[in-house]
Amino acid sequence: MEAKDTVDLMRNSGQGVQGSMARLAYSLHVLGVLSLSAMPAFASPVEGAPTAGAAALQETAAEPSEASLWLRRAEELSGQGAQRAAFDMLLDRGRQWLGSERISDALLVLEAATALQPGSPEGWALLGRAHTRNRDFDAAQEALEEAVKRGDGSARTLIFLGGVLWENGDLAAAESRYEGALAAGGSGIALAQLGRLMLWQGRYVEAAEILTSALGAGSSAPDVLFDRAEALRGAGRTEEAIEAYRQVNRVAPTLFKAYYGLAVALGQAGRTEESREEFTRYETLYREDQERTRVQERNKGEVERARALLEAEETDAALAHLATLPESADVLALIARGQWMAGRTAEALATLERAVGLDPRRSDLRRLLSEMRMAPAGDDG
């Protein structure tokens with residue numbers, strides 16, 4: 001049975017507390033933890049059972065970190081009438097796995113968490129993020145919309161939902177959600193995302209204005225600077241575009257697409273010799289990028305080894321291995337994830353910005369960068 005089938009059965013097999021506990025038990029059966037004959041009836045909480053709290057969570061933290069064991073512990077807590085403690089435990093574990101590349105495990109425990117507490121917007125929001133990381137944008141949209149329906153009007157969730165709606169082709173709804181995020185106080189990132197959406201649609205005049213506002217709100221990373229330069233050129237504001245591209249080149253000297261844009265803008269301004277010079281730089285950097293791509297393909301197995309180490313939460317070993325590999329967007333993205341897991345937030349953001357700088361068209365890296373920028377302190381997911 002597929003994980004999706006398990007989720008559907010968990011959602012539909014009963015109502016209220018008994019239904020939630022039954023759904024957890026069924027998921028354990030599918031994972032092979034419980035046999036059908038051993039599945040408890042959950043008629044009532046265990047009489048005289050100890051209450052769950054900090055001690056129970058500390059005890060759980062020492063258990064092996066397979067999803068099946070966490071689900072079984074949640075089922076035990078639920079059987080003791082401690083559904084909220086089980087929910088909090090699963091949510092915390094899902095958040096940690098979401099931050100360590102263990103997306104499939106995160107999905108399992110977060111689905112179980114939302115089954116336990118379907119009225120909690122936090123569970124749905126985290127589940128939506130997990131589906132987004134898993135590139136299941138339909139499921140992500142459903143979960144994030146449920147979070148909003150349940151009362152989560154935070155800028156963070158609205159920005160995630162806007163990105164998912166964009167992926168699903170509903171551009172008007174995406175724009176509306178970004179505007180909602182602006183109203184909720186998410187000015188810098190929401191402006192950057194809204195401006196990029198308008199740039200993608202060819203609405204250059206609007207995009208240029210919004211991205212300029214994003215810079216004023218503090219979003220001055222290379223990807224935002226590049227988007228603004230592209231919008232200015234598209235809007236016909238050629239001299240401003242030239243200066244904007246030069247600004248990108250100063251902060252991200254390997255971003256070859258910015259040199260191409262600069263060459264085009266200089267040509268449009270009639271500055272032919274300067275245009276040739278910048279186009280030559282673009283060609284050199286483009287060839288270097290192609291060579292990086294060839295090297296990356298040869299080192300694909302080594303990159304996957306590093307990814308596996310991160311999935312196993314062996315962060316130091318992963319970072320040490322990644323340090324031996326030639327720089328590429330994928331290598332930098334994994335380094336950023338490892339730094340994030342190690343609590344080195346500022347380094348992680350700077351590294352991922354370099355990764356996006358190598359190829360600002362990579363939507364997966366842009367999504368990850370937005371996620372890291374929106375993460376509150378102490379949230380490694």
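The expected span of a helix is 1.5 Å times one less than its number of residues. Helices (H or I, at least four residues) and strands (E, at least two) are DSSP runs, numbered from the N terminus. The structure is a predicted model: local features need pLDDT of at least 70, side-chain atom pairs count only at pLDDT 80 or more, and totals for chains, interfaces and linings use all residues. Residues are numbered from 1 along each chain as its sequence is written, and side-chain values use heavy atoms, with hydrogens and water left out.

**Exercise 1. Compare the end-to-end reach of helix H19 with its expected span, and state whether its residues are buried or exposed.**

Step 1. Helix H19 covers residues 329–341, which is 13 residues.

Step 2. From its first C-alpha to its last, H19 reaches 18 Å, close to the 18 Å expected at 1.5 Å a residue.

Step 3. Buried means under 20% relative accessible area, exposed over 50%, and partly exposed in between (1.4 Å probe, protein chains only). On this scale 12 of the 13 residues of H19 are buried, so the helix is largely enclosed by the rest of the structure. Among them are Arg337, Gln339 and Trp340.

Step 4. Just after H19, Gly343 has a positive phi of about 85 degrees.

**Exercise 2. Determine which parts of the chain the salt bridge between Arg366 and Asp223 joins.**

Step 1. A salt bridge is a side-chain nitrogen of Lys or Arg within 4 Å of a carboxyl oxygen of Asp or Glu. The whole structure has 29 of them.

Step 2. In the bridge between Arg366 and Asp223, the closest N and O atoms are 3.7 Å apart. Arg366 belongs to helix H21 (residues 363–374) and Asp223 to helix H13 (residues 222–234), so the pair ties together parts that are 143 residues apart in sequence.

Step 3. Arg366 is buried at a relative accessible area of 4%, and Asp223 is buried at 6%.

**Exercise 3. Describe the salt bridges Arg276–Glu273 and Arg307–Glu304, with sequence spacing and exposure.**

Step 1. The closest N and O atoms are 3.1 Å apart for Arg276 and Glu273, and 3.4 Å apart for Arg307 and Glu304.

Step 2. Arg276 and Glu273 both lie in helix H16 (residues 272–298), 3 residues apart, about one turn of the helix. Arg307 and Glu304 are likewise 3 residues apart, in helix H17 (residues 300–311), or about one helical turn. An α-helix has 3.6 residues a turn, so residues three or four places apart point the same way.

Step 3. Arg276 is exposed at 52% relative accessibility, while Glu273 is partly exposed at 48%. Arg307, at 25%, is partly exposed, as is Glu304 at 39%.

Step 4. A network of salt bridges also links Glu239, Arg246, Arg271, Glu274, Glu278 and Arg281.

**Exercise 4. Classify the ring pair Phe256–Tyr282 and place Ser275 in its surroundings.**

Step 1. Rings of Phe, Tyr and Trp (its six-membered ring) pair if their centres lie within 6.5 Å; planes under 30 degrees apart count as stacked, over 60 as edge-to-face and the rest as tilted. The structure holds 7 aromatic pairs.

Step 2. For Phe256 and Tyr282 the ring centres are 6.1 Å apart and the planes are at 40 degrees, so the pair is tilted. Phe256 lies in helix H15 (residues 256–268) and Tyr282 in helix H16, so the pair ties together parts that are 26 residues apart in sequence.

Step 3. Phe256 is buried at 5% relative accessibility, and Tyr282 is buried at 16%. Ring pairs link Phe256, Tyr260, Phe279, Tyr282 and Tyr286 into a cluster.

Step 4. Ser275 is also found in H16 and is buried at 14% relative accessibility. Contact means heavy atoms within 4.5 Å. Leaving aside neighbours within four places in sequence, Ser275 is in contact with Ala263, Leu266 and Gly267.

**Exercise 5. Summarise the chain and identify where its confidence is low.**

Step 1. The secondary structure comes to 21 helices and 0 strands. Of the 381 residues, 49% are buried.

Step 2. pLDDT is the predictor's confidence in each residue, from 0 to 100. The chain averages 81, and 81% of the residues score at least 70.

Step 3. Among the elements, helix H1 (residues 3–12) has the lowest mean pLDDT, 41, and helix H8 (residues 137–149) the highest, 97.

Step 4. pLDDT stays under 50 over residues 1–23, for which the model has 36 contacts beyond four places in sequence. The value also stays under 50 over residues 28–64, with 53 such contacts. Where pLDDT is low, the predicted coordinates should not be read in detail.
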